[in-house]
Structures are given as C-alpha cells and as structure tokens.
Amino acid sequence: MLRAIHIRKSISDRKILGSVDLDISNGKVTALLGRNGAGKSTLLRCLSLVEFPDAGHIDIDGDTYVFPTPHATVSPWPRVTALFQGLHLWPHMRIRENIFGPLQWQAREYDRAFAKRLLDDFELNNVMDRYPAECSGGQRQRAAVARALILPCQYLLLDEPTASADVEHAHILGTYIRELATRGVGILVVTHMFGFARSIADRIVFMEGGAIVEEGDATLLTAPRSESLRRLVSLH
Amino acid sequence: MGVVQILEQYAAGLLHGVAVTLELAILVWIVGIVIGSALGVAQARLPVGIGWITRAVAFVLTSVPTIVLLFWFHYPAQTLIGVQLNPFITSAFTLGLVNIFAVAEIIRPALVSFPSGLIATGKVAGLSRRQILWKIEFPLIVRNVIPALLTLQVVMLQATIFASLISLDEIFRIAQRINAQVYRPVQVYSVLAIFFLALCLPLNAVAAILQRRFRQKLAID
C-alpha cells in the first residue's frame with residue numbers, strides 16, 4: 001500500500017496541503033477530485049517523491065519516509081511512477097525514445113505485448129519517429145500516458161491523463177487503467193471529468209483547500225455529503 | 001598598389017598578425033568557455049550569496065567598456081603592482097576575464113530556468129542522477145546555450161582588435177602599419193574586412209541555423 005500520513009506542504013507561507021491522509025491500495029483505482037488549487041497535483045507530486053512534504057510520512061509497502069528529513073537520493077521507480085500535469089516529454093528525443101528510452105537505458109524488462117497493444121489503441125505508431133514538437137496536443141498526451149503505463153510499477157499516479165483526450169481515447173485509457181488495476185497495480189487518477197472518475201474508480205476522494213473533504217465509492221458522486229462537492233456535481 | 005600586390009609584399013607581416021589574432025582569440029575562447037561554464041554552474045548550484053558576489057563582479061565588468069578595462073590593466077594596474085607584462089598577456093587576461101563572466105551569464109540562467117518537470121519525469125521513470133544529467137539536462141542545456149555562446153565568441157574575436165591600442169601586433173595593428181607605408185586604405189582595410197568576414201560569417205551563420213533548428217525542434221506549445 002502507498003500511504004500519505006499527515007502530509008503538510010506550504011509554498012511561500014501559503015498552505016497547499018494541511019495534514020492529508022490518503023491510501024492507495026494495490027489493485028484499486030482511486031480518483032482524486034477537486035477544484036483547481038485544491039492541492040491534488042501537489043499531493044500527487046509528494047506521493048511520487050519528486051516533491052518533498054514539509055511534514056508527515058510517506059509509506060511505500062512498509063518503507064517509511066519521514067519528512068522533513070531530506071531523502072534526495074530516493075528513487076520512486078520501480079515502485080512508483082507518475083504522469084505529471086505538464087506531460088514533460090523530453091523535447092530533444094523522438095516519441096519512441098520518450099516512451100521506451102528509460103526501459104532500454106536500464107535494460108529493464110516490460111510487457112511487450114501490452115506495449116504493442118497500447119500503442120495501437122492510442123494510435124501512436126505513426127508518430128513514433130517524430131519529436132514532441134511535431135505532434136498534436138492529443139498525441140503528446142497519449143505518448144506521455146503511454147510512457148507511464150508501459151513502465152512496470154506497483155503504483156501509478158496520473159495527473160489529469162484525459163486533459164487533451166477525446167471521448168474515444170478517454171474511454172480506451174479507462175480500460176487500460178482498469179486492466180492494470182486487475183494486475184495488482186494501485187492507481188491514483190487526478191481528474192476533473194466526473195464521468196471518467198465514475199467509470200474507472202473503486203474509490204472517489206474529494207479535496208478542497210488542501211484537505212480531503214470526503215471520500216467513498218462511486219455513489220459519492222450521486223449523493224455527495226459536502227456542499228462544495230454537491231455544487232460541483234450539479235454542474236456536471 | 002592593388003590588393004594582390006599588398007598581400008604579396010606584406011605576406012609575412014600579415015600572416016604574423018593573423019597568427020597573433022587567432023592565438024589571442026583561441027586563448028580567450030578556451031579560457032572564457034571553460035572557466036565561464038564552471039562559474040555559471042557554480043552560480044546556479046551554489047548558495048545564493050556566492051552567486052551574488054560573482055554576479056556583482058560581472059555587473060561591474062559589463063558596465064565598463066572593454067577598451068577601458070584593457071587600458072586599465074595595461075597601465076595603472078601594472079604600475080600599481082610594479083610589473084610590466086607583455087601586451088599579449090594583458091590582452092588575453094582582460095578579454096578572457098570579460099569572456100568568463102559573459103559566458104557565465106549565458107550558462108547560469110539556462111541552468112536556473114531548466115524545467116524541473118523534465119527532471120521529475122526522469123526520476124519517476126527510474127533514471128539515475130547521472131542518466132538525468134547526461135541524457136536530459138546536458139543535451140538540452142547545450143542546445144539552449146550554443147547559439148548565444150557562438151555569437152559571444154564572434155564578439156570576442158572582434159574585440160581582439162582593441163589589443164592593437166596597447167601595441168600588440170595583431171592583424172589590425174599590422175594593417176595600420178602597412179597602410180602607413182603604402183597609403184591604400186581602401187585596399188588594406190578591405191583585406192582586413194574580408195579576413196574578419198571569413199572568420200565571423202560562418203560562425204554567425206552556424207549560430208543562426210542552430211538557433212532556428214533548436215527553436216523549431218524543441219519548442220512545445
């Protein structure tokens with residue numbers, strides 16, 4: 001289990017996260033919802049260990065990292081991998097190298113059949129030799145998502161993976177997320193698409209103002225308890 | 001007397017001037033790029049206080065015209081410390097110093113503004129610190145700074161003619177002396193212009209091509 005325990009984070013005296021607790025269970029999909037600025041992306045970055053909390057613990061399958069003790073040498077992968085909001089494809093590498101480079105440089109094994117099927121379904125085969133700047137926004141997003149999905153891991157954290165996706169590709173992505181969950185991968189998806197969250201998630205978590213306001217199964221989106229979630233649900 | 005005759009008659013002198021100019025330029029380039037890059041990295045990576053001291057020195061150096069610095073290091077500085085240095089050494093020191101801080105001012109911002117998300121993605125993809133440095137940071141930073149570095153080195157090459165003012169027999173001073181003898185300013189200074197064109201034009205062209213190529217290939221959005 002990937003656990004965030006009493007995570008706090010401030011940036012320039014502005015509180016971003018205030019004592020957040022969150023569990024990501026193996027084989028389960030957790031959808032993290034909330035308005036812009038709720039702290040979702042910061043929480044995801046803390047869980048992926050690329051940004052360190054000011055206080056709290058992060059526990060990955062029993063290995064506990066206590067903050068603010070620095071853990072500069074901690075490597076999140078192969079246990080945790082992530083897709084960040086900005087996609088961050090390496091602009092000087094072709095799409096093929098962006099997706100498969102990390103695996104080849106480290107001579108790591110991966111599920112080649114899964115990767116081939118994913119590239120077919122994501123319609124990326126004809127852009128593999130292009131640079132990111134030569135691809136459309138949707139293609140870049142699918143390439144970044146493909147990189148994260150193909151990297152073998154125990155916990156997969158996805159920050160708005162459908163932001164530039166059309167309905168069809170969002171649906172395809174949902175099936176891959178569910179497939180990885182059935183293989184035992186614990187998945188956290190930050191999204192603003194309530195329908196997408198409802199279709200893929202075992203658990204819904206709603207954040208506001210740097211805190212988790214409520215959580216539950218998919219019925220949370222049909223019968224929200226908090227006024228703020230109720231207001232957002234009414235807009236969808 | 002035409003251009004060809006001048007070239008024939010003063011070939012030895014001109015070649016000597018070319019050699020001195022190139023020696024000086026190459027020394028200034030190497031010193032500036034090597035030490036300036038190291039300084040730029042230090043400014044970006046070391047505590048802010050150290051960065052501010054070196055930036056203050058850079059601010060002072062870039063506020064004083066190069067020719068004034070050259071004269072200052074050649075006359076008052078040497079009088080103050082009681083030494084008399086060869087003009088070549090004074091020129092190499094002064095222009096090298098200017099180049100060091102100018103190169104550092106290109107390297108530092110490129111490092112400071114490097115997108116942290118590209119490094120974070122490398123971390124979550126399992127890359128080691130060394131792999132992130134050599135496969136992501138270094139190639140992108142090099143692509144980012146090379147056009148500006150090339151343009152700066154062209155400026156430094158052109159600045160070597162200031163050394164003529166402290167009696168260094170580089171190409172400009174040789175040209176002046178030839179002109180004083182033959183009084184053919186059009187021919188003499190045309191030869192000089194062609195010499196600098198032959199060196200600077202390809203460097204400027206490469207800088208422009210690389211800038212265009214990298215901007216197109218690396219730009220996203």
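Let me start with Arg8 of chain A, whose bridge partner in strand E4 of chain A is Ala55(A), and I should say straight away that what we are looking at is a predicted model. That pair belongs to the ladder between strand E1, residues 2-11 of chain A, and strand E4, residues 55-60 of chain A, which run antiparallel and are joined by 5 bridges.

If we step back from that ladder, E1 and E4 of chain A take their places in an open sheet of 4 strands, with the order E2-E1-E4-E5 and antiparallel pairing. The edges are formed by strand E2, residues 14-24, and strand E5, residues 63-67, of chain A, each of which pairs on one side only. From one strand to the next, the twist averages 15°. Lying across E1, E2 and E4 of chain A is helix H1 of chain A, residues 40-47, which runs at about 60° to E2(A).

Further along chain A there is a hairpin that I would like to show you. Its arms are strand E9, residues 203-208, and strand E10, residues 211-216, of chain A, and these pair in the antiparallel sense over 5 bridges. Within that pairing, Phe206(A) has Glu214(A) in E10(A) as its bridge partner. The hairpin has 2 residues between the strands, and in it Gly209(A) takes a positive phi near 60°.

Now to a single loop residue, Thr191 of chain A, which sits between strand E8, residues 186-190, and helix H6, residues 194-200, of chain A. Is Thr191(A) buried or exposed? Its relative accessibility is 2%, and because the cut-off for buried is under 20%, Thr191(A) counts as buried. Its side chain reaches the backbone nitrogen of Met193(A) at 3.0 Å. As for its surroundings, and leaving aside neighbours within four places in sequence, Thr191(A) is in contact with Leu32(A), Leu33(A) and Thr162(A), as well as with Phe196(A) and Ala197(A).

Let me finish with confidence, turning to chain B. Chain B averages a pLDDT of 90, and 97% of the residues score at least 70. Among the elements of chain B, the highest mean pLDDT, 94, belongs to helix H6 of chain B, residues 87-112, whereas the lowest, 81, belongs to helix H3 of chain B, residues 48-63. As a general caution, predicted coordinates should not be read in detail where pLDDT is low. For the complex, the predictor gives an ipTM of 0.89 and a pTM of 0.82.

Conventions. Residues numbered from 1 in each chain as written. Chains lettered and ligands numbered in written order. Predicted model: local features only at pLDDT ≥ 70, side-chain atom pairs only at ≥ 80, totals over all residues. Heavy atoms only, no water. pLDDT = per-residue confidence, 0-100. Pairing = 2+ DSSP bridges. Axes fitted to C-alpha atoms, helices over the stretch in contact; angles between N-to-C directions. Contact = heavy atoms within 4.5 Å. Buried < 20%, exposed > 50% of the residue type's maximum accessible area, 1.4 Å probe, protein only. Polar contact = N/O pair within 3.5 Å; in protein donor to acceptor, adjacent residues only side chain to side chain.
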